[in-house]
Structures are given as C-alpha cells and as structure tokens.
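Work through the exercises below with the sequence and the 3D view side by side. Try each task yourself before you read its solution.

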Amino acid sequence: MVPTGCSWLVLSAAVLSVGAEISITPEPAQLAPGDNVTLLVRGLSGEELAYTWYAGPTLSLSYLVASYIVSTGDETPGPAHTGREAVRPDGSLDIQGLLPGHSGTYILQTLNRQLQTEVGYGHMQVYETLAQPTVLANATELVERRDTLRLLCSSPSPAEVRWFFNGDALPVAVRLGLSPDGRTLTRHSVRREEAGAYQCEVRNPVSVSRSEPLNLTVYFGPERVAIVQDSTTRTGCTIKVDFNTSLTLWCTSRSCPEPEYVWAFNGRALENGRDHLNISGMAAAQEGTYTCIAKNPKTLLSGSASVVVKLSAAAISMMIVPVPTKPEEGQDVTLTVQGYPKDLLVYAWYRGPASEPNRLLSQLPSGNWIAGPAHTGREVGFANCSLLVQKLNLTDAGRYMLKTVTVQGKTDTLELELQVAHGTAFLPSDTGVYLYK
C-alpha cells in the first residue's frame, strides 16, 4: 500500500494481537498530516533475531515494508517502502511525514533464536481534514401539505453526519426522516414549521466541518381571512357609519407569501389591489356588502370575508347637499339628496314654496319625470331625488324645496337656500337645510 498524493490527515489506531501477545500502538494516537508517528511494539521476548514489517492485510511480498537484522542493524526496504519508514532496534516502526495512504493494517513478523516466528497485527486509520459539505435540495420553495422535501448532505469523504435547523440540533420529529447513513433527510407533506435554515455537519475523530445554511420556504394559506376596522375584527358583522364620514376596512390573513387582494361591493369587483379599502363621504349609495378575497399565487388557494356597511340611524334623515357647495355663475350644480327614502313613491322639486306654479319637475312611480310650470329646460331629475341645474345664472339663487312621498304615504319636505357667486367670487353665505314633516 504505497501512499500517493498529498492531503492533510491524522492517525488513530486499534490493535489486534496474534500468537505471542505482541501489541502495536501508534504514538501519538492522533496526528496531523506531515507529522511523524511511531508504531510502538510491546510484548516481545527479547530474543528476536529479525523483524519484518508489512503494510497490508497479509504477509505478502507486495506489502513488505522492510526487514531488519537485530545483530547487525541492517535494514532492507521492501516493495511497499515509501522512503518514510524506518525500523528501530526494538522492533518499532517510525514513519516520517504521514500521508493518507499510510492508513490501513500493519503486520509485524518476528524471528527468535529458536527460529520460531510470531506475528502481531495493528490497524492505523488515517482521517482526513474534512472539506466543507454542501446541502442539496430537491426544491427550496415548497407548498405545505402538498410537496415532499428531500435534502442531501454532499461530502466527498466518509464521515458521521449531523443535521442542524436554524442553528440548533434537528428536532426529533424531523430526524425520523433521516436515511440510515444520515446523509439524506426526507419530509413528506412538509409543514410551515419546517421552513428555515438547514445545515449539515460532517465529522470524524479529528475534524469537523459544517455547511453553509440552505434556506427553505414553505408556502401556505391564506387562512383566517378577516376584515378589520380600527384593530377590531368585523367579519360577518354590520358596520354602522355616520353620513358623509370615512371608513377604512383592512383585510388580514395568515399566508406565505402575502396574498393578492381583491375587493368587491355587492358582488361586483372594485379596482383595488391593496390590503385595505377606503370608503369616503359615506352615503346611501355606498350601503351594502363589502367582500375581501385573498388569493395566494403560490398555493393557488383563496379565502374571503365580508361585512355589511350601513348608514347609522341618525344619518338616515334626508338632507340636501349642493355639489359644488359654492357654485358660480355659468357652472352646473347638483342638489344631491342624501338619505332619501328607499320606499319612495313620488317626489317634486319647487322653485320657492311648494305650490303648483313653482313646480320645477316631478318623478312618477314609473320612474319618469315630468316638467312643471317653473321648469326652464335646464333642470334634470334623478331616481335618487337629486336635481341638476345646468348653466347657473344669478337668478337661479334662492330657495329650492323638495317634497317626497313614500309607498306608506309618509310625506317629507326639505328646503335649501342656494347661493350663486359672481364669476369666481364666492358669496360669504352658508347653506341652510330645513326638514318639515
């Protein structure tokens, strides 16, 4: 066994004795590459005439290292001699500058004065300084409960293998997935708790080396999709909102990665891809069911949550809001009616007191509206009771009155004092709204 090449190594030995109790022990027991070792021989009778050393499993000429004559001190190298071995007068063998090829079985054969031979066996294991291993994975991005994880600790040298998860020893539950040699880790139906950094470590009696971390991502969800308002979960609830106030709804879920969000209002998708939805200027038209749909692009799963948003009881009372609030001459203005009755039967707008000569227009139960005596051709009515006045002039300023009648026969009257500004100059006057029943 002629050593070849050059790499760092250390020796340790276990001893087997045959015949007379000859023992062979390396000294020191552990050596680094390039160090020197002596295979110490004990148990000799003291009557030896010659020593013969073999570096191999049998007493074969091809394994012969050297022969030594005690009386003359002559040493004759054999085929397995590397130029680093020398036999001592006491039979021990010195090896200078150890190489990996020096690992293996060593045999000492002695010849005594009675021309009898004795044989002793020893084993010397050469341990390399281990190179850094590498963790190989079938995939680093997996879907929970669907995919299988397979990790391999790749190392060129035989060694004991240990696994680490997030810097700590691998949990027992995960270790159950190890192969007999410890080099392969398999986890079926991987769980989110198994996402993290994996490392493997190789070791022998004289060397330890740990791999770089391999980060594993486990995708899951979305789960527990909920709609939150002011840090309070509102899923499945009815949210009461005051008229003309703002409301922000947040969509939350447990998901990896962060899901994609879609909002819907009364079943119709809204153009909002964010995790929150702002509702500003709350009005009757914004009452309804708001739904958040969370979609995970990796797991291809989705979940949803809904809330009902309604105007609070105090906000349901009707009121007229001009848009714009301070119209100018030449502009259009809409007298928007907030909180109009949902069971509306008919309504009528008047320019001044509620009398037939002052009637601008009326809406019939059929949904059509008809012009009244005061109609100028610039007024348009809408189903929500609102009135559009086009191309204002200064004479349009003044009192406007709305009268509504519900299916149950309930009558309400609203009054508004409209201000029209000259050109770009606003009149310093506030809008007053009055309700008569």
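**Exercise 1: an open sheet**

Proline 322 stands opposite leucine 335 in E29. This is a predicted model, in which local features need pLDDT of at least 70 and side-chain atom pairs count only at pLDDT 80 or more, while totals for chains, interfaces and linings use all residues. Residues are numbered from 1 along each chain as its sequence is written, and side-chain values use heavy atoms, with hydrogens and water left out.

Task: Starting from this pair, find which strands make up the sheet and in what order they lie.

Solution. Step one is to fix the terms: strands are DSSP runs of E with at least two residues, numbered from the N terminus, and two strands pair if DSSP finds at least two bridges between them. Step two is to follow E28 to strand E29 (residues 333-338), to which five bridges join it in an antiparallel run; within this pairing, valine 323 has threonine 334 of E29 as its bridge partner. Step three is to move on from leucine 335, whose bridge partner in E34 is leucine 387, and to note that E29 and strand E34 (residues 387-389) pair in the antiparallel sense over three bridges. Step four gives the whole: an open sheet of four strands in the order E28-E29-E34-E33, with antiparallel pairing. Its edge strands, each pairing on one side only, are strand E28 (319-323) and strand E33 (379-381).

Task: Decide whether E29 is largely enclosed or open to the outside.

Solution. Buried means under 20% relative accessible area, exposed means over 50%, and partly exposed lies in between (1.4 Å probe, protein chains only). Five of the six residues of E29 are buried, so the strand is largely enclosed by the rest of the structure.

**Exercise 2: the disulfides**

Task: Locate the disulfides and state the handedness of the link between cysteine 153 and cysteine 200.

Solution. A disulfide is taken as a pair of cysteine sulfur atoms within 2.5 Å, and the structure holds two. One joins cysteine 153 to cysteine 200, with an S to S distance of 2.1 Å. This pair links distant parts of the chain, since cysteine 153 lies in strand E13 (residues 149-154) and cysteine 200 in strand E17, 47 residues apart. The torsion about their S-S bond is about 70°, so this disulfide is right-handed. The other joins cysteine 251 to cysteine 292 (S to S 1.9 Å), and with -90° about the S-S bond this link is left-handed. Both cysteine 251 and cysteine 292 are buried.

**Exercise 3: a salt bridge**

Task: Describe how glutamate 223 and arginine 192 meet, and where each residue lies.

Solution. A salt bridge is a side-chain nitrogen of Lys or Arg within 4 Å of a carboxyl oxygen of Asp or Glu, and a search of the whole structure finds twelve. The side chains of glutamate 223 and arginine 192 form one of them, at 2.5 Å from N to O. Glutamate 223 belongs to strand E19 (residues 214-229), whereas arginine 192 sits in the loop between strand E16 (184-187) and strand E17 (196-204), 31 residues apart. With a relative accessibility of 28%, glutamate 223 counts as partly exposed, while arginine 192, at 17%, counts as buried.
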